[in-house]
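Reader: I am new to this structure and would like to go through its side chains with you, one topic after another. Could you show it to me before we begin?

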Amino acid sequence: MSSLTPLSSPLSSPFAHSNQSIRRLMFKVQLAVIPALLVHLYLFGFGIIIQWALAFATLMLVEFSMLKLRNRPVRPFITDMSAMITATVLVFCIPAGAPWWIIVSGTAFALIFGKHIYGGLGYNPFNPAMLGYAFLLLSFPVQMTQWTAPTEILDYSVNFTNSLQLIFTGSLPQTALDIVSAATPLSQLQTGVSQGQGVTESLNPIALEAQTHYINGSFVNGFFYSTAQFFSLNSWAWVNVAFLIGGLWLLAVRAIRWQYPVGFLSSLTLISLIFYTIDPNTYPPVDFMLLSGGTMLAAFFIITDPVTSSTTPKGRFIFACSIGILVYVIRTWGIFPDGITFAVLLMNIAVPLIDQYTQPRVYGHK
């Protein structure tokens, strides 16, 4: 008996250890969104900072209240940063100038009905951030489609004070809201195609109808306004590039599995290439699909949620590829310009089925 290793010995099982924890993983994800936050801040103003502060205050109140109601210890659960990731993703999905109650109600709904009602972190079948965003999109479509135009193309500078006034009062001093708002590239494309225009005509700024707009006390003709729309398209591409940089860092530090971004982006690229080859006048090019909307946000920060995605290596790839295909289908033939939210939620439902049929063979099984 003296030759047996005591249970307290460092050599006792388990022999495989990991220094990963929920808090450490969530902290890495928060660090990875910093490039996108800085780009978003530069292009769209201080609204995202205010929205994030409102989301953080809401999550602290909701988390404390729900943990108390569920008789759970507050400190370990409220400091694991999982709720902060939900709020951060949701903030990037809503317009920077949206009314204050949008982010407050969206964050509360995401945490209550997307997380705690199922038993907390690890038991929720749906991605909380996407559930909250779907609630906002379906309930308040007008507020959720009034995106702020990039500040670099506006004569009117939306500073921190203006952002506060816009978010809390819904107005700006001596300025109409449509002056500082613009359609997203995906919305612009969907509108143009629905009106019988081709892709090039819908996205080409020079092809827009000549019209007069009032900006900060001076009139500009339709050509310059169209040029502003053109730069708006490039601005969204820069945001996606920033998410790509942060996502690649997450892959490098092994915070996420490679099957998610590779499966999602490859399937979206392939189906975009096929339809663009068939009819380039009706279907947008691959680079537009990859650098518009929340593509890179979804690839590295949304579908990579380990709780609501598949748990097997093959299943993760199928899960991600399916989302990529659904995103293209919804963007092209659906009524919602982006489609990432509903694609993710639909595939969350299919996760148990995917896991059932993609279980790896047990080692030694014949």
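**Side chains and their partners**

Author: The side chain of glutamine 51 comes to 2.9 Å from the backbone oxygen of alanine 98, a polar contact (a pair of N or O atoms within 3.5 Å, where within protein one must be able to donate a hydrogen and the other to accept it, and residues adjacent in sequence count only if both atoms are side-chain atoms). The model is predicted, so local features need pLDDT of at least 70 and side-chain atom pairs count only at pLDDT 80 or more, while totals for chains, interfaces and linings use all residues. Residues are numbered from 1 along each chain as its sequence is written, and side-chain values use heavy atoms, with hydrogens and water left out.

Reader: Is glutamine 51 buried or exposed?

Author: Glutamine 51 has its place in helix 3, residues 47-69, where helices (H or I, at least four residues) are DSSP runs numbered from the N terminus. Leaving aside neighbours within four places in sequence, glutamine 51 is in contact (heavy atoms within 4.5 Å) with residues including Val91, Ile94, Pro95, Ile103 and Ile167. The term buried means under 20% relative accessible area, exposed over 50%, and partly exposed in between, with a 1.4 Å probe and protein chains only. Because its relative accessibility is 1%, glutamine 51 counts as buried.

Reader: Which helix gives the largest share of the largest nonpolar core?

Author: A nonpolar core is a set of buried Ala, Val, Leu, Ile, Met, Phe, Trp, Tyr and Cys residues joined through side-chain atoms within 4.5 Å. The largest one has 78 residues, and those that touch the most other members are Met130, Phe243, Phe264, Phe301, Ile303, Phe319 and Ile323. Its largest share, nine residues, comes from helix 5 (residues 82-93).

Reader: How many residues does the other core have, apart from the largest?

Author: Among the residues of this other core are Leu186, Leu189, Val199 and Phe288. Lying apart from the largest core, it is made of five residues.

Reader: Is tryptophan 333, which pairs with tyrosine 283, buried or partly exposed?

Author: Rings of Phe, Tyr and Trp (its six-membered ring) pair if their centres lie within 6.5 Å, with planes under 30 degrees apart counted as stacked, over 60 as edge-to-face and the rest as tilted; by this rule there are 14 aromatic pairs. Tyrosine 283 and tryptophan 333 form an edge-to-face pair, at 6.1 Å centre to centre and 65° between the planes, and they stand 50 residues apart in the chain. Tyrosine 283 is buried, at a relative accessible area of 15%. Since its relative accessibility is 48%, tryptophan 333 counts as partly exposed.

Reader: Where does lysine 115, the partner of glutamate 63, lie?

Author: Side chains of opposite charge can pair when their charged atoms come close. A salt bridge (a side-chain nitrogen of Lys or Arg within 4 Å of a carboxyl oxygen of Asp or Glu) joins glutamate 63 and lysine 115 at 3.2 Å, N to O, and both residues are buried. Glutamate 63 is in helix 3, whereas lysine 115, 52 residues apart from it, is in the loop between helix 6 (100-114) and helix 7 (128-139).

Reader: How many disulfides does a search of the whole structure find?

Author: A disulfide is counted as a pair of cysteine sulfur atoms within 2.5 Å. Cysteine 93 is buried at 11% relative accessibility, and cysteine 321 is buried at 15%. For the whole structure, the number of disulfides found is zero.

How values were computed. Helix = DSSP H or I, 4+ residues; strand = E, 2+ residues; numbered from the N terminus.
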